[in-house]
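Work through the exercises below with the sequence and the model side by side. Each task is followed by a solution in steps.

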Amino acid sequence: MSSRTLQWLSLVGIIWLQSINGTNSNFPAYSSQLKHLLSMSQLQLNNLAFASDAGKLLGWFSGVATIYLPLWLVLIIGSSLGLLGYGLQYLFLTDRISSLSYGHIFVLTVVAGNSICWINTVCYVVAIRNFPSDYRQVAVGLTTSYLGLSAKIYTDIVDAAFSSSPIERAKAYLLLNSILPMIVCVIAAPLARELDVGRPRNMGVGIITMFVITMATGVYAVISSLQSISGKLSPSSHAIGIGVFLLAPLVVPVAEKIIESVRKIDVNAERKKRKVFHFTIEESEGEERVDQDWVKDRKEVGEVGDESGDAEKMENGRLKEIREEAGEVLEIGIKEEIGVKEMLKRLNFWLYFLVYLFGATLGLVFLNNLGQIAESRGYSGTSSLVSLSSSFGFFGRLMPSFVDYYFSRTRYTMSRQASIVAVMAPTAGAFFLLVNNSNLSLHMSTAAIGVCCGAITSIAVSTTTELFGTKNFSVNHNVVVANIPIGSFLFGYMAAMLYHKEGNEDGKCMGMECYRITFITWGSFCLLGTFLALILYARTRKFYSQKV
């Protein structure tokens, strides 16, 4: 199988991995039931949401592991941690284990949250190393967009295969969180690997096909999440539909393989015809012509070049090796290659860290509390809200790659930091809109935060590589996303304290006052993050003007 076909298969493999890796994103769908089953307070429940994010504090372990271990082993380790963390919680809820305390569950949730980092890191490494700089953001955006669909996928499976009882649904989510990543990792491990893809080739047709498939998947996810439409189809139909769309990306590598096979057949057939014809002429003259035609055929499939071309390529190759050894060659679009110690000394890092904290992380905290927010407002459709945020998060993650692909076809370039500014401002507006008590405001804000949070998450991968390089990306980016557990604790704890203050003696709060101050505070922090993103853009604008 050719390297180009394997390149597309690696993209399909990480699409599948990302689609099931958002196990923490379905927490709002069963958090209320978990709270009742374990008799927890709102503060304790918030601590569990923090615990899931706290696993990212140890995410740098996975970055180091990708340097020294084969990627398939990193995947198995990550999925095994999820199996342990979620699996023991499932056994406890089903009364097969009776000795777990709240502290045990907290630690298990940290372990389960850390498992996400291992799978994510493998996906990022494969996308960055298997695709040239022109297509890197596209590959990252396409694959991470499927991470936004995780909650939707898990919800569809639970609806189709398990009881509608809230208690049983909570158990079902934990069961799927424990076993589904392990199954998919075993299937995708042979595909998600580093490849020697050689020189960059035109991948435009394949990329556009992937865009069409991905867009169709997102449209289906959004439509099937709307209550007015989803009620007309059975839960099994939803699950089958999303399954078909997840298999659809295989069309590209299969088509690539068919095209390559047809080309080889045509070349071999043409060569045989020419040989038969030339052998009717004098032997010496025939042999010379056959050799010339054979060389011509091999040049058509890219296996043989002319001597001058080969010499030029060899010379360029030697020159590139010398420059790489001297550390003078950087990929197009990368500012510099630095390690984590040097990165922590840079002002740009801390600006970037805080922008992520007040943007994507704040949005994640909102989504983690979505179940309690909906309950406090008297809204019963929590699952539909989770599916809605998941579906719009899908488009948010996809949008930057589409924009990047468009600009890559022109002489212009789009600043990542300017893109972050563009999506931070609507996020702040969405938080302020939540102060309105209508269900329409809740739906609009949830969709907007899903889109913007997803977009920042996708843009951040390329931002890390541009600011700090690809060589130490697996460690550097895990340090950047360490802001997630920090923000989850600070913002989540603040929300829980205000909720408890407004609640009754049982600790339960109903009404708009439960989260009003929280929404205003979160919106203000997001506005601050927008201002910091502007500063970061001003500091890096010269870099982008040089790229053009």
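**Exercise 1. Is E513 buried, partly exposed or exposed, and which residue does E513 pair with in a salt bridge?**

Solution.
Step 1. Recall the classes: buried is under 20% relative accessible area, exposed is over 50%, and partly exposed lies in between, with a 1.4 Å probe and protein chains only.
Step 2. The relative accessible area of E513 is 44%, so E513 is partly exposed.
Step 3. A salt bridge needs a side-chain nitrogen of Lys or Arg within 4 Å of a carboxyl oxygen of Asp or Glu. E513 meets this rule with R516, the closest N and O atoms being 3.1 Å apart.
Step 4. R516 has 26% relative accessibility and therefore also counts as partly exposed.

The model is predicted: local features need pLDDT of at least 70 and side-chain atom pairs count only at pLDDT 80 or more, while totals for chains, interfaces and linings use all residues. Residues are numbered from 1 along each chain as its sequence is written, and side-chain values use heavy atoms, with hydrogens and water left out.

**Exercise 2. How many salt bridges are there, and where do K152 and D156 sit?**

Solution.
Step 1. The count comes to 8 salt bridges.
Step 2. One of them joins K152 and D156, at 3.4 Å from N to O.
Step 3. Helices are DSSP runs of H or I with at least four residues, strands are runs of E with at least two, and both are numbered from the N terminus. K152 and D156 are in helix α8 (residues 150-161), 4 residues apart, which means about one helical turn between them.
Step 4. An α-helix has 3.6 residues a turn, so residues three or four places apart point the same way.
Step 5. Both K152 and D156 are buried.
Step 6. Another salt bridge joins D53 and K56, with the closest N and O atoms 3.8 Å apart. D53 is buried because its relative accessible area is 1%, and K56 counts as buried at 9%.

**Exercise 3. Which cysteines form a disulfide, and why is C526 not bonded to C452?**

Solution.
Step 1. A disulfide is a pair of cysteine sulfur atoms within 2.5 Å.
Step 2. C509 and C514 form one, with their sulfur atoms 1.9 Å apart. The structure holds 1 disulfide.
Step 3. The torsion about this S-S bond is about -95°, so the disulfide is left-handed. C509 and C514 are both buried.
Step 4. C452 is in no disulfide; its nearest cysteine sulfur is that of C526, 8.1 Å away. That distance is too far for a bond between C526 and C452.
Step 5. C452 counts as buried at 7% relative accessibility, and C526 is buried at 0%.

**Exercise 4. Which residues have the most contacts inside the largest nonpolar core?**

Solution.
Step 1. A nonpolar core is a set of buried Ala, Val, Leu, Ile, Met, Phe, Trp, Tyr and Cys residues joined through side-chain atoms within 4.5 Å.
Step 2. The largest one has 133 residues, and L17, F366 and W522 have the most contacts inside it. Helix α17 (residues 347-368) gives this core its largest share, 14 residues.
Step 3. A contact means heavy atoms within 4.5 Å. Beyond its neighbours within four places in sequence, W522 has contacts that include L362, F366, F431 and M494.

**Exercise 5. Which rings form the cluster that includes W522?**

Solution.
Step 1. Rings of Phe, Tyr and Trp (its six-membered ring) pair if their centres lie within 6.5 Å; planes under 30 degrees apart are stacked, over 60 edge-to-face, and the rest tilted.
Step 2. The cluster linked by ring pairs consists of F366, F431, Y499, Y515, F519 and W522.
Step 3. By the same rule there are 22 aromatic pairs. One of them, W8 with F131, is edge-to-face, at 6.4 Å centre to centre and 65° between the planes.

**Exercise 6. Why is helix α22 described as largely enclosed?**

Solution.
Step 1. In helix α22 (residues 473-480), 7 of the 8 residues are buried, so the rest of the structure largely encloses this helix.
Step 2. The buried residues of α22 pack against several helices, among them α4 (60-68), α17 and α23 (483-502).
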